[in-house]
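Q: Please take one part of this model and look at it closely. Then set it beside the ring pairs and the backbone.

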Amino acid sequence: TLPQAEDHADVLIVGAGPAGLMLANWLSRCGVKTRIVDKRGTKIFNGQADGLQCRTLEIFDSFDFADRAWRESNHMLEICLWNPDEQGRIRRSDRIPDTIPGISRFQQVVLHQGRIERFFLDSIKEHSDIVVERGVLPTTFEFDDAKADDFNEYPINVTVRTLSDVESTPQQQQQHHKSADGKETTVSDGLFRSNLAADDTDDLIRAAEANSRVDQVESIKAKFLVGCDGAHSWVRRQLGFQLEGDSTDYIWGVLDIVPITDFPDIRQRCAIHSANAGSVMVIPRENKLVRLYIQLQSTEHAQAGGKADRSWITPEIILQSAQKILHPYKLDYSYCDWWTAYQIGQRVGNQFSLKERVFLAGDAVHTHSPKAGQGMNVSMQDTYNLGWKLAHVVKGYSDPSILKTYQSERRKIAQDLIAFDHRFSRLFSGRPAKDIMDEEGVSMEEFKAAFEKGNEFASGIAVNYGASLIVAKEGDDTSIAQDKSTRVISKPQLAAKIDIGKRMPSFKVLNQSDARPWHLQELLKSNGKWRIIVFPGHLSAPTNMQRMQTLGARLGAKDSFIHRYTPTNQQIDSVIEVLTVHAGPRASLELLDLPEAFHPYSETLGWDYWKVFVDDQSYHEGHGQAYVNYGIDPVKGASVILRPDQYVSWVGEVDDYDEMERFFAGFMKAQNLEKE
Ligand code: FAD
């Protein structure tokens, strides 16, 4: 093998939608040799997914582009529920906050997928020479089983072919609309990416193979292959893996318009149940747009195979349905940006990985209805989970066993997502109950309760990874064999409000050296580093200072685990970074009173002033009360280990160096072996 050659990639990604781009973005930050191909000639320009959860914005912030999404998006603060009254006329019955207050420093926003893909592309370009290879289609896949256990080998061989411009451009229908004022408009449809459209991959493969230009064929050898190629996934087909679940006959229409209406809540997110005409979800969008998700009650159009004939679905049909639901309010438009139709299929992949060499992510392993705004978020979060793990294995920092946690962590999330979608779809799609005796109807009280509960799930913050090599908590993870007697287990009571397995919550702390307030999460950039956050409590207490001296001496020693796992030619904080948040007051401590391990010294750069923080009153932004909010006693303190993706791995005593060492020894690989 020729590992440096162009045709050898550490990671080959198929599909440059949200899942594929998130992965390429992670790998661009970690310096992993990556290729990414997509059969389409261009990225998305409008329509498609638009909801961004709080957790997704937190992740974007860790890559330094949340501000772009935050600025350009429409912010959703309130949800209004509309139901029929006794006369069958729709009325506003409730207002609830869109994002549960206090759950994150971000709130849910909407911005179309094309912009999000743009942010990723810019970020990838800024940090690497990875380029999305468009109009490039994989046509054959081979997997050499004999090489699967040696992680220096390239067991994957994929032939890719370059398509012509015509082939890589999907066909779109044009539709015309005449508004009440007689103005005519034309719009392209988004059906080509809908799950109602037939998959064109096989036709494209045939076309590409018929193409005789040899320079358009290449064989790529890869250590890892990740299928981010959407619901029809070609990679999934190569592996013979299945999606399991049903495909119901609910068909939804989606219309992005600038509305002309007298409906009072058109700039709120609304769930509107009419008495007999169905339901609509209103999503106010950026650029004066409003998205309408409408259930088209036409199960009679479903065909035997479960897929519906879509020829009858037009923007007019979708608009007319909305008009009936919103009656007596009026609704029309002169400008339509995009539209599509969707059939609800709720399915999860039976396997997410082949021997931890080939992985599936995003719509390739879970599909569900679009209206809870989850698909794009969960898809990106799949590869946010996978990216750093692949990077650490490729770079030799970590044992490949951590890759098993991709399936154990993400398949559970996909299953929860489908269960959530099931409940939510039934409640959303059902006819409202007329009274409590109407058992077939949906109780609007139940709908509201489910909506409120669903909101936590839908924020993405509720994700809680189970026990594993990299999450030290009670509980079984059957996918990873571990000897219980030697397992590292946290002491969760030391940080009562930090959930092990969930992402680290964020509160404001001040930099010890310059008093600037930071949200703790802003310190946790996605750059591939593990982090130990030491909360030593009040350092004016001699015992607490003594513990810091002891811990600092051990972490800083030449034979410490931090040195062992960091390649000699790299900065000491490049694999495991130590941050400190003491309980204050800020003025009671001088940075240099702490051992060097807490503010490393470099000959060229001097002391590191960006590692020690304090839970104290700021001059302009109040007091974050981090110790109270994390449930840490400032008399005793605690230490916390965070994964490179901000999820909490371990909570223990401030100076429990031995347990920290045991935790990392479970999966990290010693570097600098020649010197030991
Ligand atoms: P995709 O976005 O499908 O990307 C797959 C990529 O792979 C594409 O670029 C495709 O060209 C490429 N590809 C496919 N096959 C091949 C092949 N054989 N070779 C090479 N390349 C290939 N989600 C939300 O979170 N919020 C929402 O509000 C929301 N609304 C939606 C509204 C609509 C109308 C639709 C259709 C979807 C919506 N979704 C929403 C879902 C969201 O779009 C998907 O879940 C998300 O795009 C999945 O991302 P992905 O990267 O897994 O797959």
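A: The answer starts with a pocket, then turns to a buried residue, the ring pairs and the backbone.

The model is predicted, so local features need pLDDT of at least 70 and side-chain atom pairs count only at pLDDT 80 or more, while totals for chains, interfaces and linings use all residues. Residues are numbered from 1 along each chain as its sequence is written, and side-chain values use heavy atoms, with hydrogens and water left out.

The second largest pocket has a volume of about 480 Å³. A pocket here is an open set of points on a 1 Å grid over the protein atoms alone, where a 1.4 Å probe fits and protein lies on both sides within 12 Å along at least five of seven lines; the volume is the space filled by probe spheres set on the points. The lining has 22 residues (each with an atom within 4 Å of a point), and those closest to the pocket's centre are Q571, I572, D573, P600 and Y601. At least two lining residues each come from α12 (542-556), α13, β25 (576-582), β26 (601-602) and β27 (606-607), where helices (H or I, at least four residues) and strands (E, at least two) are DSSP runs numbered from the N terminus. Strand β25 gives the largest share, 3 residues. Sorted by class, the lining holds 11 nonpolar residues (Ala, Val, Leu, Ile, Met, Phe, Trp, Tyr, Cys, Pro), 6 charged ones (Asp, Glu, Lys, Arg) and 5 polar ones (the others, Gly among them).

T566 is in the loop between α13 and β25. Its relative accessible area is 3%, so T566 is buried (under 20%; exposed is over 50% and partly exposed in between, with a 1.4 Å probe and protein chains only). Leaving out residues up to four places away in sequence, T566 touches Q571, I572, S574, V575, Q671 and N672 (heavy atoms within 4.5 Å).

Now the rings. Rings of Phe, Tyr and Trp (its six-membered ring) pair if their centres lie within 6.5 Å; planes under 30 degrees apart are stacked, over 60 edge-to-face and the rest tilted. By this rule there are 32 aromatic pairs. In one of them, W388 and W530 have ring centres 5.6 Å apart and planes at 90°, so the pair is edge-to-face. Because W388 lies in helix α9 (residues 375-394) and W530 in strand β24 (residues 530-537), this pair ties together parts that are 142 residues apart in sequence. Both W388 and W530 are buried. Another pair, F561 and Y657, has centres 5.1 Å apart and planes at 40°, so it is tilted. F561 lies in helix α13 (residues 561-565) and Y657 in helix α15 (residues 657-665), so this pair links parts 96 residues apart in sequence. F561, at 0% relative accessibility, is buried, and Y657 is buried at 4%.

The backbone comes last. Most residues other than glycine have a negative phi, and most peptide bonds are trans. The bond from G584 to P585 is cis, with omega near -5°; P585 is in the loop between β25 and β26. The bond from H327 to P328 is also cis, with omega near 10°. Q646, which is not a glycine, has a positive phi near 75°, and it is buried, with a relative accessible area of 1%. K288 has a positive phi of about 65°, although it is not a glycine, and at 65% relative accessibility K288 is exposed.
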